[in-house]
Amino acid sequence: MWTEESTNAVQKIVTTLSVFCIVFLIRAWWNWQTAGLGLKSIPSKGSLGWPIVGESLSVRRCSGDISFEGWLRERIQKYGTMCKSHLFLKPSILMTTTEEVKFVFDDPHKQMRNGAPESLKRIFGSTSIFSLEGEDHRHVYKILNDSILMPELKKKTAEFNRIMRHSLSSWDGQTLDILKPMQTMIFKLMTFNFFGIPWEGEIADRIASLLYTVVLGPTSLPFYFPGTDFYKAMNAKTRVTELVVPIIRELRSAETGRSSKYARSAEKFPYQNLFNIKFNGGKEMISDTGVCDILLSPILSGGQGPGTVVALAIFHLTKNPSMLQKAQAEVDRVRKQKEELGEADLSVSDLKDLKYLTQVYNEVLRISTIVPGVGRVATTDIHFNGHVIPKGWFMLAPFVLIHMDPELYPEPSKFNPDRFETPPNPGKFLPFGRGYRHCVGRDFTKLVVVMTLYHILSNFTWDVVSCSGKVQYVPFVKMIGDFQLSIKSRTHLL
Ligand code: HEM
Ligand SMILES: *[C@@H]1O[C@H](CO)[C@@H](O)[C@H](O)[C@H]1NC(C)=O
Ligand SMILES: *[C@@H]1O[C@H](CO)[C@@H](O)[C@H](O)[C@H]1NC(C)=O
């Protein structure tokens, strides 16, 4: 039985514990609001949102009618530019003006590291370009830059034409959501481009279906237990690696003279220099898995972009019949020209004749900035424009704001390809970023999207069966909901 004494003792303990708890909670709250910095530095106004998740959930809700741009403007209006927030589990600063965005991209004093989320780095691997910094990053970046941009890409266009014809060959008479077949086509184009894997083969099919699972992972939380997207993505990535590493091994031995079926089908493996990479100041030779990760990360990061751009272009052209007509007329003219010359394939030099289609492409990239911003983490206290960005803080540079700035682009919410009659000015058009992490897939994306649109427009007409017209904005633009077209062949019209 309880005596009165013991009851009093319990009461005392409970009271003491309560006081401790309250002090602890206040401290925790204070640490949260000052991000562990105490009174040292609260760089600017802003809201850190909820404990732990901060404003991550609120920004994740940006889709459909709630645009990311609107979310940003609300904060800038309330707190001014360079305001603080809390995103991706880190105290953050929003770097929103053109000057601030450029500062983040250029990192003139080498005070930042890449802000890719933990899940992405774990799935892509430690040799992925997104995980590398400094000298190691420059080394790998240069090899990718030299082998994926235009002069190299030219050699692949004949095969790209073939893949596109093949992928579109079954469209006549179908009702389909074009995003999915576009996605599969791009994955196959990319596994051909990076590993020389024949796109008609069974391996390409298996890899493409695994890639759908892998790409769900980088934007999920890094909880590795059965059932989570992260868990599924990690396992699917392992299976892709198992399929690709034997090919890498074969390509490595082909280098020393032995024959290789993949090296032949890839014509010449353009990434031979990867085999000579040494990390950690030349101490560590790269493994086959390391090479595999370097070549997989462009596929995993960039693989969803081009298909989305194609689908969005079709969406905007369908909504604006006069633009569709104009694009179709241009495509027909080029096609006729080529037929007279006896050429079937589209080549890189034909792109300059597809001027309006290129304008449509640029306008899609502007109005739906596919990657709306980039993130970096301060590796030291950074002083900029009178503010201090403390070490360890996350910086988000949402350049989508530049693309929606009415001073740079009058009526920014209006889809208007005519605004790019003169090619975009690189200073105010940043869909692929800039600086030392400038997207190496920019020529690839343009070539593939414009070529695909050419093939679609020249062969098909369509009626819209259903269309949600909605996108998700964060962390990258993705079409959500239905976009079903009923497709008919239009060759008989010519
Ligand atoms: C619509 C399509 C695409 C868009 C909008 C896009 C956008 C971007 C942006 C904004 C960056 C800069 C990231 C940063 O500064 O941290 C980037 C980096 C990168 N992109 Fe793309 N990209 C697209 C497609 C592609 C494709 C198709 C590939 C591969 C062929 C690719 C490969 C890469 C790689 C490897 C990087 C990393 C560079 C680095 O961190 O050093 N991207 N992309
Ligand atoms: C990447 O390639 C482009 C075009 O060839 C070149 O202008 C640029 O300097 C290269 N960047 C790096 C970092 O090598
Ligand atoms: C378009 O039609 C032409 C003529 O029928 C055909 O040769 C070509 O392969 C078709 N292209 C696609 C992408 O279906």
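How many nonpolar, polar and charged residues does the shell around ligand 2 have? By class there are two nonpolar, one polar and one charged. The residues in question are Tyr141, Lys142, Asn145 and Leu149, which surround ligand 2. Keep in mind while you look around that this is a predicted model.

**Ligand 1**

The shell of ligand 1 holds 23 residues, and the closest are Gly302, Gly305, Gly433, Cys439 and Gly441. Sorted by class, that shell splits into 16 nonpolar, six polar and one charged. Which helices feed it? Helix 6 (134-148), helix 13 (288-302), helix 14 (305-319) and helix 18 (442-459) each bring at least two residues to the shell around ligand 1.

**The chain as a whole**

Zooming out, the chain has 18 helices and 14 strands. Of its 494 residues, 39% are buried. If you take contacts between residues at least 6 apart in sequence, 69% of them join residues at least 24 apart.

The largest nonpolar core counts 125 residues, and Met95, Ala311, Ala313 and Met395 have the most contacts inside it. Pick alanine 311 to see what that looks like: with neighbours within four places in sequence set aside, alanine 311 is in contact with Ile178, Leu179, Met182, Met479 and Phe483.

**The sheet with order 4-14-11**

Three strands make up an open sheet in the order 4-14-11, and the pairing is antiparallel. Strand 4 (175-177) and strand 11 (460-467) sit at the edges with a single partner strand each, so one side of each has no neighbour in the sheet. On average, neighbouring strands here are turned by 35° against each other, direction ignored.

Strand 4 is held to strand 14 (residues 483-489) by three bridges, with the two running antiparallel. Within that pair, leucine 176 is opposite leucine 485 of strand 14. Phe483, one of the contacts of alanine 311, falls in the residue range 483-489 of strand 14.

**Strand 2 and its partners**

Now for strand 2 (residues 90-94). What makes it largely enclosed by the rest of the structure? Five of its five residues are buried, so the rest of the structure largely encloses strand 2.

Strand 2 has pairings of both senses to look at. With strand 1 (residues 84-87), the pairing is antiparallel over four bridges, and lysine 84 stands opposite isoleucine 93 of strand 2. With strand 10 (residues 394-397), strand 2 runs parallel and is joined by three bridges; there, leucine 94 has leucine 396 as its bridge partner. Strand 1 and strand 2 also form a hairpin with two residues between the strands, and phenylalanine 88 in that hairpin has a positive phi near 50°.

**Backbone angles worth a look**

Besides phenylalanine 88, two loop residues other than glycine have positive phi values, and a cis peptide bond turns up in a third loop. Here they are side by side.

| Residue | Backbone angle | Loop |
|---|---|---|
| Lysine 110 | phi near 55° | between helix 4 (98-106) and strand 3 (112-114) |
| Asparagine 385 | phi near 50° | between strand 8 (382-384) and strand 9 (387-389) |
| Proline 475 | omega near 0°, for the bond from valine 474 | between strand 12 (470-472) and strand 13 (478-480) |

Are lysine 110 and asparagine 385 buried or exposed? Lysine 110 counts as exposed because it has 11 C-beta neighbours inside 10 Å, and the cut-off for exposed is 12 or fewer. Asparagine 385 is exposed as well, with 11 other C-beta atoms within 10 Å. As for proline 475, the peptide bond leading to it from valine 474 is cis.

**Leucine 120**

For a last stop, try leucine 120, which is placed in helix 5 (residues 118-124). Leucine 120 has 22 C-beta neighbours inside 10 Å and so counts as buried, given that 20 or more is what buried takes. Which residues does leucine 120 touch, not counting those up to four places away in sequence? They are Phe130 and Pro218. There is also a long jump in sequence to check here: leucine 120 and valine 214 are 94 residues apart along the chain, and 10.0 Å separates their C-alpha atoms.

Notes. Residues are numbered from 1 along each chain as its sequence is written. Chains are lettered from A and ligands numbered from 1 in the order in which they are written. This is a predicted model: local features need pLDDT of at least 70, side-chain atom pairs count only at pLDDT 80 or more; totals for chains, interfaces and linings use all residues. Two strands pair if DSSP finds at least two bridges between them. Axes are lines fitted to C-alpha atoms, for helices over the stretch in contact, and angles run from 0 to 180 degrees between N-to-C directions. A residue is near a molecule or strand if its C-beta atom, placed from the backbone, lies within 6 Å of it. Ala, Val, Leu, Ile, Met, Phe, Trp, Tyr, Cys and Pro count as nonpolar, Asp, Glu, Lys and Arg as charged, and the others, Gly among them, as polar. A nonpolar core is a set of buried Ala, Val, Leu, Ile, Met, Phe, Trp, Tyr and Cys residues joined through C-beta atoms within 7 Å. Two residues are in contact if their C-beta atoms, placed from the backbone, lie within 7 Å.
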